[in-house]
Amino acid sequence: MKVSILDDYFDTIRTLDCFAKLKGHEVRIWNDHVQDTDVLAERLRDTEALVLIRERTQIRTPLLERLPKLRLISQRSVFPHIDAGTCTRLGVIISSSQHPEKPSFATAELTWALVLAAMRKLPQQVASLKAGQWQCGVGRTLRGKTLGIYGYGRIGAVVASYGKAFGMNVLAWGREKSAERALRDGIEVAAGKADFLSRCDVISLHMRLNDGTRGIVTAADLAQMKPTAVLVNTSRAQLIEAGALVTALRAGRPGMAALDVFESEPLRDPGHPLLGMDNVVCTPHIGYVTVEGLETQFVDIFDQINAYAAGTPIHVVNPQVMDSPQLRR
């Protein structure tokens with residue numbers, strides 16, 4: 001099959017052990033980021049299997065309708081960046097492993113790095129030292145404080161274990177299944193959302209983005225947080241009501257934020273308000289970007305391509321396409 005891989009910024013994919021799974025396929029890898037439909041249509045005109053690295057490129061209807069040879073989109077995790085209905089109409093299979101029992105330890109580790117960076121003001125201290133000014137302020141310790149896990153799932157549970165190791169009290173909040181899992185693990189569940197927001201010194205968001213969770217953290221929610229608290233988000237920016245976080249940080253509740261995700265990515269505007277705030281630590285969506293994390297991700301992605309090539313597609317998230325007369329074979 002003719003396989004195209006988009007957005008491999010550092011030409012990393014071909015260095016992975018699992019890349020050997022594509023032996024026998026004709027592979028083209030693109031290292032830049034392009035969203036222009038005309039450019040993508042030209043690049044992908046002969047592509048049969050398209051590999052996506054998470055949500056870096058939007059695959060929308062105007063592009064899909066210009067890719068008559070496309071038969072498979074292979075990726076991992078959620079797919080709000082793909083017009084799945086159009087794929088089904090055009091006969092394009094979307095294979096996307098949802099890895100139900102595999103937490104991203106890379107994302108959990110980055111979450112904890114952001115917690116420490118925000119509480120100890122590490123970016124500011126490093127900048128001060130490089131400017132010849134020595135210390136620039138006083139940080140806060142984690143021991144004895146309350147860590148809030150909003151969405152106690154696979155990654156949230158790992159982050160909770162880090163909090164315990166640092167001597168923190170862990171408090172959970174989320175939907176019924178989230179609360180049940182937390183209780184099974186011996187984690188206290190807050191009496192209510194307001195109780196959760198007002199008690200926590202650190203709140204870390206760990207939810208999938210879907211119609212039910214989009215904007216689930218509102219401006220009113222943020223206003224209930226402590227002025228000394230830090231909000232950490234390594235999940236999706238759209239979990240927070242659009243524009244609410246900047247306003248809340250300027251108002252002083254919460255006092256800090258540590259973010260790996262943004263409403264529009266890639267974020268290339270140095271004038272973005274979040275990047276100019278001294279009480280915000282920002283990283284460019286690197287939660288899953290480790291060699292080990294990519295190996296885990298691309299094993300699934302390449303297995304999906306080989307399964308399709310063998311005539312037995314797996315992890316199909318638009319199953320209606322399998323019965324469609326438009327299915328591209």
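Two strands pair when DSSP finds at least two bridges between them. Helices (H or I, at least four residues) and strands (E, at least two) are DSSP runs, numbered from the N terminus. With that in hand, look at strand 6 (residues 146–150) and strand 7 (residues 169–173), which pair in the parallel sense over 5 bridges. One of the partnerships to look for joins Gly-148 to Leu-171 in strand 7.

Before going further, a word on what you are looking at. This is a predicted model, in which local features need pLDDT of at least 70 and side-chain atom pairs count only at pLDDT 80 or more, while totals for chains, interfaces and linings use all residues. Residues are numbered from 1 along each chain as its sequence is written, and side-chain values use heavy atoms, with hydrogens and water left out.

## The sheet

Strands 6 and 7 belong to an open sheet of 7 strands, with parallel pairing and the order 8-7-6-9-10-11-12. Which strands form the edges? They are strand 8 (188–189) and strand 12 (280–282), each of which pairs on one side only.

Helix 6 (residues 154–165) lies across strand 6 and strand 7, and runs at about 175° to strand 6. Angles like this one run from 0 to 180 degrees between N-to-C directions, and the axes are lines fitted to C-alpha atoms, for helices over the stretch in contact. Contact here means heavy atoms within 4.5 Å.

Now follow Leu-205, whose place is in strand 9 (residues 202–205). Leu-205 is buried, with a relative accessible area of 0%. Buried means under 20% relative accessible area, exposed means over 50%, and partly exposed is in between (1.4 Å probe, protein chains only). If you set aside neighbours within four places in sequence, the contacts of Leu-205 include Tyr-150, Val-217, Leu-231 and Ile-240. Leu-205 and Ile-240 are 35 residues apart along the chain, and their C-alpha atoms are separated by 9.5 Å.

## Helices and their neighbours

Helix 10 (residues 244–251) has the buried residues Ala-244, Leu-245, Val-246, Ala-248 and Leu-249. What covers them includes helix 9 (219–223), strand 10 (230–233), strand 11 (256–259) and strand 12. Just after helix 10 comes Gly-252, with a positive phi of about 95°.

Ala-118 sits in helix 4 (residues 105–119), and with 5% relative accessibility it counts as buried. Not counting residues up to four places away in sequence, Ala-118 touches Val-230, Met-256, Ala-258 and Val-281. By contrast, Ala-118 and Trp-173 are 22 Å apart in space, C-alpha to C-alpha, and 55 residues apart in sequence.

Ser-128 is found in helix 5 (residues 122–130) and is buried, with a relative accessible area of 5%. Beyond its neighbours within four places in sequence, Ser-128 is in contact with Gln-133, Trp-134, Gln-135 and Cys-136.

## Aromatic rings

Rings of Phe, Tyr and Trp (its six-membered ring) pair if their centres lie within 6.5 Å; planes under 30 degrees apart count as stacked, over 60 as edge-to-face and the rest as tilted. By this rule the count comes to 6 aromatic pairs. Two of them are shown here.

| Ring pair | Distance between centres | Angle between planes | Type |
|---|---|---|---|
| Tyr-150 and Phe-196 | 5.7 Å | 75° | edge-to-face |
| Phe-298 and Phe-302 | 5.4 Å | 50° | tilted |

Tyr-150 lies in strand 6 and Phe-196 in helix 8 (residues 193–199), so their pair ties together parts that are 46 residues apart in sequence. Both Tyr-150 and Phe-196 are buried. Phe-298 and Phe-302, in contrast, are 4 residues apart in helix 11 (residues 291–309), separated by about one helical turn. Together with Phe-19, Phe-298 and Phe-302 form one aromatic cluster.

A charge can also sit over a ring, which requires NZ of Lys or CZ of Arg within 6 Å of the ring centre and within 35 degrees of the ring normal. Arg-54 lies over the face of Tyr-288, at 4.8 Å from the ring centre. Likewise, the charged end of Arg-56 sits over the ring of Tyr-9, 4.1 Å from its centre.

## Cysteines

How many disulfides does a search of the whole structure find? The result is 0 disulfides, where a disulfide is a pair of cysteine sulfur atoms within 2.5 Å. Why does Cys-136 have no bond to the closest cysteine sulfur? That sulfur, in Cys-282, is 16 Å from the sulfur of Cys-136, too far for a bond. Cys-136 counts as partly exposed, at 42% relative accessibility, whereas Cys-200 counts as buried, at 0%.
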